[in-house]
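Biologist: Before I plan anything at the bench, I would like to go through this protein with you, one question at a time. Could you show me the sequence and the structure?

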Amino acid sequence: MGIKMAAATVLHDVAAACLRPPHSLPRTTAKEPRLRPGLAFPHLYGNKLPVLGRGYGVGNRSFITCYVDPSTESRVSVLGVSQIKEQCSKWQWKGRYSINYFVSSSSSTNPPLLLVHGFGASIPHWRRNIDTLAQDYTVYAIDLLGFGASDKPQGFSYSMEAWAELILDFLNEVVQKPTVLIGNSVGSLACVIAASESSQNLVLGIVLLNCAGGMNNKAIVDDWRIKLLLPLLWLVDFLLKQRRIATAVFERAKQRDNLRNILLSVYGNKESVDDELVEIINGPANDEGALDAFVSIITGPPGPNPVQLMPRINLPVLVLWGDQDPFTPIDGPVGKYFSSLPSKSSNVSLYMLEGVGHCPHDDKPDLVHQKLLPWLAQVTAS
């Protein structure tokens, strides 16, 4: 995520648009978050975390506005990176690749959850969510191949389909129960692909947090802005396949100051961009094979488009979308498609989160939990 954007700024301001996760082009009009007086519901979920905000509907979409109250914000349970790493285990995928995963067991009989991160992120990106979810669910989280503490094999051709296969194999071999998938960005798209391909009732429902349109921007072919920049996309692919250029771009991109600036630009709540978040992105980028993974993902095929996949899915779907996301803006092709779904598909619920960026779960976790927890309770009870 941050590394992808930082690399883009190194190549060129124009070429930067080509390297961002889809859909990454800037909005035509800037829109400031609308802060409104909110209502506190400290006992909304019994012993769950307090939630601040007021919901209201516009058409087929629901919006949540919020204000920041330091007295409740400090009560959000955040797991430290070291604590998360201590609870991680390894699983051998296909007998060849070591996959890092986390599990927080619960005595609850509710179906388990699997958290799937986005580009450049890893399991600790769910630091603000695991504890809350683990009160009522067994929570799994996984580092996709090429990210976090999972293997980054030399010469591997990364694809959305490979990540979806990894998710389904993990459910089949490790979790071994019908599971709710929760993903962010390309992690969301991997969950969509997995759900559309699952034939063993492994997936109980999916939660999409600012779903990506593909593994890279080449997926967005129906936007005139992308069509205009297609020659630049091809140029970027060519340049990144030159080892010296790719190395220089990647080394500059993963510098902490660059990462921090990019993260600040995509988070609505700037206080969530702390040193720990920067390290979550920066640390794995120093692993052997990280550069090859970066190049393969940026220059590889974009993979299946969610517009093609969603009609195949009859499972319950919750879509949460930060309306200040510069990567996948709600007025881009992918955002517009998802915003239209609730009027066409009764199994899809969509909530816009005002003043929230590309990573809602880490940006403003209370807003995410406010909609996620009741939805999970309903889905897992049926």
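Modeller: Helices and strands here are DSSP runs, at least four residues for a helix and at least two for a strand, numbered from the N terminus. Please keep in mind throughout that this is a predicted model.

Biologist: With that numbering in hand, where is H125 placed?
Modeller: H125 counts as buried, at 1% relative accessibility, and its side chain makes a polar contact of 3.4 Å with the side chain of H361. From C-alpha to C-alpha, H125 and A141 are 10.0 Å apart in space, with their positions 16 residues apart in sequence. As for the element that holds H125, its place is in the loop between β6 and α5.

Biologist: How confident is the predictor, and over which residues does pLDDT stay under 50?
Modeller: The protein averages a pLDDT of 82, and 75% of the residues score at least 70. There is nonetheless a low-scoring stretch, for which the model has 166 contacts beyond four places in sequence. The residues where pLDDT stays under 50 are 8–74.

Biologist: Turning to charged side chains, which residue meets R127 in a salt bridge at 3.3 Å?
Modeller: Side chains of opposite charge can pair when their charged atoms come close. The partner of R127 is reached at 3.3 Å, N to O; R127 lies in the loop between β6 (113–116) and α5 (130–134) and its partner in helix α11 (residues 275–285), so the pair ties together parts that are 149 residues apart in sequence. R127 is buried at 0% relative accessibility, whereas the partner is partly exposed at 27%. That partner is E276.

Biologist: Which residues are linked with R127 in a network of salt bridges?
Modeller: The model holds 11 salt bridges by the distance rule applied here, and the pair of R127 and E276 is one of them. The residues linked with R127 in a network are R128, D274, E276 and D362.

Biologist: Is D292, the salt-bridge partner of R243, buried or exposed?
Modeller: The closest N and O atoms of R243 and D292 are 2.4 Å apart. Because R243 lies in helix α9 (residues 243–253) and D292 in helix α12 (residues 290–299), the pair ties together parts that are 49 residues apart in sequence. R243 is exposed, with a relative accessible area of 52%, but D292, with 18%, is buried.

Biologist: Which residue forms a salt bridge with D275?
Modeller: The closest N and O atoms of this pair are 2.4 Å apart, and the two residues sit in distant parts of the chain, D275 in helix α11 and its partner in helix α10 (residues 256–266), 15 residues apart. D275 is exposed, with a relative accessible area of 56%, while the partner counts as partly exposed at 26%. The residue in question is R260.

Biologist: Which helix gives the largest share of the largest nonpolar core?
Modeller: That core has 69 residues, of which W163, I167, M310 and F338 touch the most other members. The largest share of this core amounts to 11 residues, and they come from helix α6 (residues 160–175).

Biologist: How many residues make up the other core, which lies apart from it?
Modeller: Within the largest core, M310 touches V192, L208, V317, Y337, F338, L341 and V348, leaving aside residues up to four places away in sequence. The other core has among its members F102, V180, L373 and L376, and its size is 29 residues.

Terms used:
Residues numbered from 1 in each chain as written. Predicted model: local features only at pLDDT ≥ 70, side-chain atom pairs only at ≥ 80, totals over all residues. Heavy atoms only, no water. pLDDT = per-residue confidence, 0-100. Contact = heavy atoms within 4.5 Å. Salt bridge = Lys/Arg side-chain N within 4 Å of Asp/Glu carboxyl O. Buried < 20%, exposed > 50% of the residue type's maximum accessible area, 1.4 Å probe, protein only. Core = buried A, V, L, I, M, F, W, Y, C linked by side-chain atoms within 4.5 Å. Polar contact = N/O pair within 3.5 Å; in protein donor to acceptor, adjacent residues only side chain to side chain.
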